[in-house]
Amino acid sequence: IGRPMMMMGRMVDEQQRASASLSRIEAVLEERPQASEGIVPKDLVGEIEFRNVSFSYNGQPVLHDINLKIPGGSTLALVGRVGSGKSTLARLIPRLIHPDRGQVLIDGNPIESFSLADLRGMMGYVPQETFLFSETLRENVDLSGGQNSAVERATEISRLTADLEQFPDGLETRVGERGVTLSGGQKQRTALARAVIREPHILILDDAMSSVDTRTEEEILVGLRDVMASRTTILIAHRISTVKDADLIVVLEDGRIVEQGTHDELVARKGIYAAMYRLQHLSNELETL
């Protein structure tokens with residue numbers, strides 16, 4: 001009698017778990033895009049504008065009245081302390097989150113006027129949390145199955161090519177779920193190659209080189225120059241070496257823009273950016289010694 005009763009209890013428990021899981025699956029399947037149709041982008045310049053944008057997480061203000069215009073084809077760098085709102089600002093552009101107040105515009109059009117497919121199709125986005133599929137390196141770089149030459153160019157730009165000799169099957173090596181067989185730097189470079197191969201109009205790199213050493217970072221930036229020259233690029237980084245050549249550098253502090261200008265202008269201003277620059281410069285010198 002005891003064994004059947006135990007089995008029945010286990011079945012009831014599993015039924016309850018399955019019911020809860022089914023409810024979550026149905027909730028996901030019933031979700032519909034907020035905008036399935038919209039204007040079709042033509043002759044895209046890639047100008048991005050934030051107008052009086054504010055955003056909160058669970059009632060906690062993160063961004064406050066952000067006003068910023070990024071000319072098409074230029075490179076904007078976002079710097080600031082951890083939690084200053086850099087990643088949140090970037091996530092607004094592909095509509096991964098929505099502002100509480102204000103508007104985000106591309107070429108003068110509110111991003112809500114584009115379909116999500118068109119909006120995200122014009123972007124290459126490398127987030128902080130890199131996600132790789134349990135497929136080959138090639139398939140993770142080129143999700144659409146394009147030409148080998150495009151894959152090779154993207155991996156060369158991201159400097160992933162230098163690591164291919166370490167893998168048993170090169171680009172055909174399976175990386176495991178979430179890229180478990182790769183190092184942090186290799187994951188980031190794979191995600192960077194994935195963004196580059198799309199040839200997007202807008203390129204967003206959210207701390208995309210934090211797991212690579214400074215020498216590799218310099219090589220990647222050299223490879224990215226041609227890619228960034230014709231695209232609107234948003235760089236988020238903690239290293240000054242990553243952002244110093246940007247057309248405009250914006251410093252965020254507690255969700256507000258507190259400084260903006262070129263590298264030389266901000267260093268001369270002797271504010272937050274200059275303090276970050278001096279600290280990192282001193283740290284590099286100590287490492288050299």
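**Sheets, helices and a pocket in the predicted model**

In the hairpin formed by strand 1 and strand 2, 2 residues lie between the strands, and Asn58 adopts a positive phi near 50°. The structure described here is a predicted model. Strand 1 (residues 48-57) and strand 2 (residues 60-70) are paired in the antiparallel sense, with 7 bridges. Within this pairing, Phe50 has Leu68 of strand 2 as its bridge partner.

The hairpin belongs to an open sheet of 4 strands, whose order is 2-1-4-5 and whose pairing is antiparallel. Strand 2 and strand 5 (109-110) each have a single partner strand and stand at the edges, so one side of each has no neighbour in the sheet. Strand 4 (residues 101-106) pairs with strand 5 over 2 bridges, again in the antiparallel sense. Here Leu105 is found opposite Pro110 of strand 5.

A further open sheet contains 6 strands in the order 6-7-8-3-9-10, and its pairing is mixed. Its edges are occupied by strand 6 and strand 10 (256-261); each has a single partner strand, so one side of each is left without a neighbour in the sheet. From one strand to the next, the twist averages 15°. Strand 7 (residues 202-206) and strand 8 (residues 232-236) run parallel and are joined by 5 bridges. In this pair, Ile204 stands opposite Ile234 of strand 8. Helix 6 packs on the sheet, where it touches strand 6 and strand 7, and its direction makes about 175° with that of strand 6. Helix 7 lies across strand 3 (75-80), strand 7 and strand 8, and runs at about 140° to strand 7.

Two packed helices are described by the angle between their axes and the distance between those axes. Helix 6 (residues 184-197) and helix 7 (residues 214-229) pack at an angle of about 5°, and their axes are 12 Å apart. Because angles under 35 degrees count as roughly parallel, helix 6 is described as roughly parallel to helix 7. Helix 6 contributes Arg189, Leu192 and Val196 to the contact, while helix 7 contributes Thr216, Ile220, Leu224 and Val227. The residues of this contact comprise 5 nonpolar, 1 polar and 1 charged.

Helix 6 also takes part in a pocket lining. The second largest pocket has a volume of about 540 Å³. It is lined by 24 residues, of which Met123, Tyr125, Leu143, Arg194 and Arg198 are the closest to its centre. Strand 6 (123-126) and helix 6 are the elements that give two or more residues to this lining. By class, the lining residues of the second largest pocket divide into 14 nonpolar, 5 polar and 5 charged.

Terms used
Residues numbered from 1 in each chain as written. Predicted model: local features only at pLDDT ≥ 70, side-chain atom pairs only at ≥ 80, totals over all residues. Heavy atoms only, no water. Pairing = 2+ DSSP bridges. Axes fitted to C-alpha atoms, helices over the stretch in contact; angles between N-to-C directions. Parallel < 35°, antiparallel > 145°, perpendicular 65-115°, else oblique. Contact = heavy atoms within 4.5 Å. Nonpolar A, V, L, I, M, F, W, Y, C, P; charged D, E, K, R; others polar. 1 Å grid on protein atoms, 1.4 Å probe; cavity = no way out; pocket = protein on both sides within 12 Å on 5 of 7 lines; lining within 4 Å. Points joined across faces, edges and corners; volume = space filled by probe spheres on them.
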